[in-house]
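Student: I should like to work through the helix burial and the charge pairing of a structure. May we proceed by question and answer?

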Amino acid sequence: MPQLGETVAEGTVTKWYKKVGDTVKADDVLFDVETDKVSTEIPAQANGVIAEILIAEGATAKVGTRLAVIREAGAAAQAAGTPPVIARVVPAQPAAEAASASRAGAGLLSPVVSRLLGEHGLKASDVRGTGREGRITREDVLAHIERSGHPPSAIRHSPAPAGAETVPLNNIRKRTAEHMAKSWTTVPHVLQAVEADFSNVDEARRAAGAAWKGREGFSLTYLPFIARAVALALAKFPRLNASFHGDHLVLHKRVNLGIAVDLNRDGLVVPVLKDAGLQGVAQIAKEINKLSNSARANQLRPDDMTEATYTLSNNGAFGTLITAAIISPPQVAILSTDGVRKRAVVVEGTGSDSVEVRLVGVLAQSFDHRAVDGAYSGAFLAELKRILETRDWQKELRDV
């Protein structure tokens with residue numbers, strides 16, 4: 001079972017595309033796995049023949065559990081006289097319900113879909129599946145609910161004494177709650193923030209904006225510039241590009257930025273922009289857009305959710321002033337990028353000062369006080385601010 005995100009401990013095998021005795025090639029789709037954060041296809045890791053399937057469809061397994069055995073063709077032929085092993089693993093749901101679910105709709109229902117149908121009093125036959133081989137996905141159920149005006153599950157719960165309604169947490173919210181509560185109670189958080197003048201970045205955005213959108217199909221936002229600046233600054237402050245492992249701090253050579261993506265107010269996931277330190281602002285912009293679209297379409301790959309060394313939380317589109325983001329262990333820091341707006345700024349001159357209208361935003365970093373002190377974090381923020389305000393962003397975009 002692959003690691004599909006740093007906070008994910010288990011996954012459910014929802015469909016096998018191969019059976020014992022089938023020949024597979026590396027990167028052939030082998031099975032589907034679903035967690036509270038993502039549903040994705042998992043490819044084979046090697047060429048060979050499926051010798052054993054150890055986890056049945058519908059069963060949940062911990063990360064790292066062996067799910068199947070692929071043998072080289074020669075080894076598989078030698079073992080042909082031995083009956084194949086197919087584990088009989090009982091799914092988490094009752095047997096009768098599992099059998100019914102496997103026949104309903106156009107294929108096996110994942111635990112998430114089964115639970116969502118139950119919460120809204122729906123049957124699989126009520127929903128048209130758009131997944132592989134007609135399988136019903138979570139998005140299919142939500143789309144059906146929206147089209148039909150079906151009342152949300154919340155109103156079927158008993159009202160609170162004051163007449164308020166109770167709303168059950170979905171799996172993403174439950175796991176986020178668990179992970180954030182653990183982080184908040186075990187990690188000594190400290191918040192520091194600086195104001196940065198984004199006028200220089202905005203000039204580059206406006207100069208390249210129309211051509212960029214016409215060529216790439218999406219707008220050039222502030223986030224790629226911030227991500228690029230963070231990657232450059234982290235190269236000088238490696239103790240923030242780090243992870244705790246026991247009582248050791250591991251300083252990572254690669255800068256892998258976790259990018260928090262909102263799933264239409266239904267929770268968030270954090271896909272990872274790998275090797276951001278080796279990419280220019282244009283490439284970072286394309287990668288962030290690709291990851292965000294994949295996250296919202298539920299098409300993230302397993303590798304998209306792993307190996308983050310530092311995280312960016314972007315609330316700027318909502319005009320927020322400052323956000324004290326919670327660190328995602330084992331990482332030691334997270335940066336919140338909030339709204340950029342016009343402000344009257346005092347500009348120091350050689351003879352006298354002046355007041356000018358500039359685009360200003362707050363960059364707020366939460367850091368783990370066990371890893372670094374305030375002076376180190378403050379110096380990092382000062383470097384980040386300097387890069388954003390003084391780098392020749394127009395040249396960097398032209399040089400693509």
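Student: Which residues of helix α4 are buried?
Tutor: The model under discussion is predicted. A residue counts as buried when its relative accessible area is under 20%. In helix α4, which spans residues 138-148, the residues that are buried are Asp140, Val141, His144 and Ile145.

Student: Within what arc do the buried residues of α4 fall, seen down its axis?
Tutor: An α-helix has 3.6 residues a turn, so residues three or four places apart point the same way. The buried residues of α4 accordingly line one face of the helix, because the view down its axis places them within an arc of 135°.

Student: Which exposed residues does the face of α4 turned away from the buried side carry?
Tutor: Exposed requires a relative accessible area over 50%. On the face of α4 turned away from its buried side, the exposed residues are Glu146 and Arg147.

Student: How many residues apart are lysine 286 and glutamate 216, whose side chains meet in a salt bridge?
Tutor: The N to O distance of this salt bridge between lysine 286 and glutamate 216 is 3.6 Å. The pair links distant parts of the chain, with lysine 286 in helix α8 (residues 281-296) and glutamate 216 in helix α6 (residues 199-216). Their separation along the chain is 70 residues.

Student: Is aspartate 304, the salt-bridge partner of arginine 301, buried or exposed?
Tutor: The side chains of arginine 301 and aspartate 304 meet at 3.0 Å, N to O. Arginine 301 is partly exposed, at a relative accessible area of 49%. For aspartate 304 the relative accessible area is 8%, and the cut-off is under 20%, so aspartate 304 is buried.

Student: What separates glutamate 389 and lysine 385 in helix α9?
Tutor: Their side chains form a salt bridge of 2.9 Å, N to O. Glutamate 389 is partly exposed at 26% relative accessibility, and lysine 385 is likewise partly exposed at 28%. Because the two are four residues apart in helix α9 (residues 374-390), the separation is about one helical turn.

Student: Which residues are joined into one network by salt bridges that share partners?
Tutor: Side chains of opposite charge can pair when their charged atoms come close. Through salt bridges with shared partners, one network joins Arg254, Lys274, Asp275, Asp303 and Glu307.

Student: How many salt bridges does the structure hold?
Tutor: The pairs discussed include lysine 286 with glutamate 216 and arginine 301 with aspartate 304. For the structure, the number of salt bridges is 21.

Conventions. Residues are numbered from 1 along each chain as its sequence is written. This is a predicted model: local features need pLDDT of at least 70, side-chain atom pairs count only at pLDDT 80 or more; totals for chains, interfaces and linings use all residues. Side-chain values use heavy atoms; hydrogens and water are left out. Buried means under 20% relative accessible area, exposed over 50%, partly exposed in between (1.4 Å probe, protein chains only). The arc is that of the directions from the helix axis to the C-beta atoms. A salt bridge is a side-chain nitrogen of Lys or Arg within 4 Å of a carboxyl oxygen of Asp or Glu.
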